[in-house]
Amino acid sequence: MAKRNVMRSLIPMIALVLLAACSSGKKSDEQAFLESQDTARDNGPTIPEEVIGSILQQIPSPLEISAMLKESGSRYEPGLLNSPDNLPKYNSNYKKALNLGVFGTDLGYTNIYQKSKDGIQYLSSIKSLANDLNIGQFFDIETIGRLAANSKNLDSLLLITTQNFNNINGYLQNQRREHLSVLLLTGGWVEAMNVVSQAALATPSNKELQEKVGEQKIIIEKLILLLGFYKDDANMAGLLKDMQSLMAAYEKINIVYTYKESTVEVVNGVAVIKDNSSTTIQITKEDVKSISALVGAMRDRIIG
Amino acid sequence: MKKVVIAIFLLFSVGLSTELAGQCDAESYTSACIPKLATGFNFLKSYKIDGEGGTKDKVEYSYVFTKGTQYMINLCTPGANVDGIVVSLYDANRNKVASSKINGQVVSAIAYPCNATGIYYIQYTFDGSAAHCGGSALGFKR
């Protein structure tokens, strides 16, 4: 009976000790990470994480811009990309997250153009930045490197790298480190925007490229919204200011949407839609020029 | 002592298995959907569809679609067909632009060649669904 009583009092105590051990270990890791952050998380937004998550998921993949560039006949321009050798410049978590996004876009660009040798150059820099941000577990560099070594594996390579970046964003949001996701997406978008605006400048007769620059107004609005949540942080406030200057250059650009009911037919079990709606993007060559100058300056501050 | 340990283990096991039985493993369906995107489409996003056993009447995501790009959204659910899950696409003004339910027939994918850049809402609803659970993938091609 006495033995049973001892056991009864011991079980909750053991449970408490185990709980304390588990939670203190977790707190220690988290604390260590937080201390290494130079982005003031404590000053972060008080809005629900779902709101940030839902805006983040709207931002299109830079891969779409790269695919459009290739299809439009734009030449492969490695000189427009950030050099992976710039890695040692990125000493703060702010810069690391931004440039992880930049390098991610560059990797996607090289993959779309099937320049796998160039793509491989980015892998170690990506892995290094991801490791420093405690998200290195999402990059299986060996697999990516193996796929990149063979141009026949392009589809698998694009798939696995897209999945990796999606998983990182999901993980960061679950970990309440959305600010890093915001930086990653912002860096990736600025890099893609720089490439497309430079391509538009180089081929002023290409209306599609001009329109692509113009329609980024929708994305800038989203990025301003996201960065605004973190405006109490000096780094984020700087980015926000840059983005607002860019938005000012977009004020003259109009995106005119006309809705018309779509039609549909079923082909091999797939509903194939005929979209009868349209958008017209009103943008001039001068607009492209001023926008590309602003984007270039912003990008220099990010990669410098 | 041995009996106490066994009893605790059984309590945990029963509790855990009951919880798992009621859960929607949407992740496994999204994973299954990605390779089912039609040839030529590049994977962009995967979406979990968890109707929480019927307590939710819709699950919604949003994405910026771009003029000149063709998108495909497919569905994966328990069983062979789509289990009454319908995917619909709405523009920023909430006009319906696409649906996987056509004249009462529900198909497992929609192909949408976008002609108007903007925010679109990808909405999943449950039309006589048994599991209220599934996954979906979004892909693009130029």
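Start by selecting helix 10 of chain A, residues 217-228. You're looking at a predicted model, and a quick ruler check works well on this helix. Its 12 residues, at 1.5 Å each, should span 16 Å, and the end C-alpha atoms are indeed 16 Å apart, so expectation and model agree. Now show the side chains: A:Lys217, A:Ile218, A:Leu223, A:Leu226 and A:Leu227 are the ones to color as buried. Keep the general rule in mind while you rotate: an α-helix has 3.6 residues a turn, so residues three or four places apart point the same way.

Next, jump to helix 4 of chain A, residues 93-112. Try the ruler again: 20 residues at 1.5 Å apiece should cover 28 Å, and the distance between the end C-alpha atoms is 28 Å, which agrees. Is this helix enclosed or not? Here 20 of the 20 residues are buried, so helix 4 of chain A is largely enclosed by the rest of the structure. Following helix 4, click on A:Gln114, where phi is positive, near 55°.

Now bring both chains into view. Where do they meet? On the chain A side, 35 residues are in contact with 36 residues of chain B. To highlight that side of chain A, select helix 3 (62-71), helix 7 (154-174), helix 10, strand 1 (254-258), strand 2 (263-267), strand 3 (270-274) and strand 4 (278-282), the elements that each give two or more residues. Helix 3 of chain A has the largest share, with 5 residues. Color this side by residue type and you'll get 19 nonpolar, 11 polar and 5 charged.

Stay at the interface and zoom in on strand 3 of chain A next to strand 8 of chain B, residues 109-113. These two strands pair across the chains in the parallel sense, over 3 bridges. One bridge to pick out links A:Val270 with B:Ala109.

One residue along, select B:Ile110. From chain A, it touches A:Val270, A:Ala271 and A:Ile273; from its own chain, B:Ile73, B:Val87, B:Ala98 and B:Ser100, leaving out residues up to four places away in sequence. B:Ile110 also belongs to the largest nonpolar core, which has 110 residues; A:Val196, A:Leu227 and B:Ile110 have the most contacts inside it. For the biggest contribution to this core, select helix 8 of chain A (residues 178-202), which gives 13 residues. As a general point, nonpolar side chains tend to be buried together in soluble globular proteins.

Now hide chain A and look at chain B alone. It has 2 helices and 10 strands, and both helices come before the strands as you trace from the N terminus. Of its 142 residues, 43% count as buried. Among contacts between residues at least 6 apart in sequence, 78% join residues at least 24 apart.

Within chain B, select strands 2, 9, 4 and 5: in that order they make an open sheet with antiparallel pairing. Strand 2 (58-65) and strand 5 are the edges, each with a single partner, so one side of each has no neighbour in the sheet. Neighbouring strands here are turned by 25° against each other on average, direction ignored.

Last stop: strand 4 (residues 85-90) and strand 5 (residues 96-99) of chain B, which run antiparallel and are joined by 3 bridges. B:Tyr90 stands opposite B:Lys96, and B:Ser88 stands opposite B:Ser99. The hairpin has 5 residues between its strands, and B:Arg94 takes a positive phi near 70° there.

Terms used. Residues numbered from 1 in each chain as written. Chains lettered and ligands numbered in written order. Predicted model: local features only at pLDDT ≥ 70, side-chain atom pairs only at ≥ 80, totals over all residues. Contact = placed C-beta atoms within 7 Å. Helix = DSSP H or I, 4+ residues; strand = E, 2+ residues; numbered from the N terminus. Nonpolar A, V, L, I, M, F, W, Y, C, P; charged D, E, K, R; others polar. Pairing = 2+ DSSP bridges. Buried ≥ 20, exposed ≤ 12 C-beta atoms within 10 Å, placed from the backbone. Expected span 1.5 Å × (residues − 1). Axes fitted to C-alpha atoms, helices over the stretch in contact; angles between N-to-C directions. Core = buried A, V, L, I, M, F, W, Y, C linked by C-beta atoms within 7 Å.
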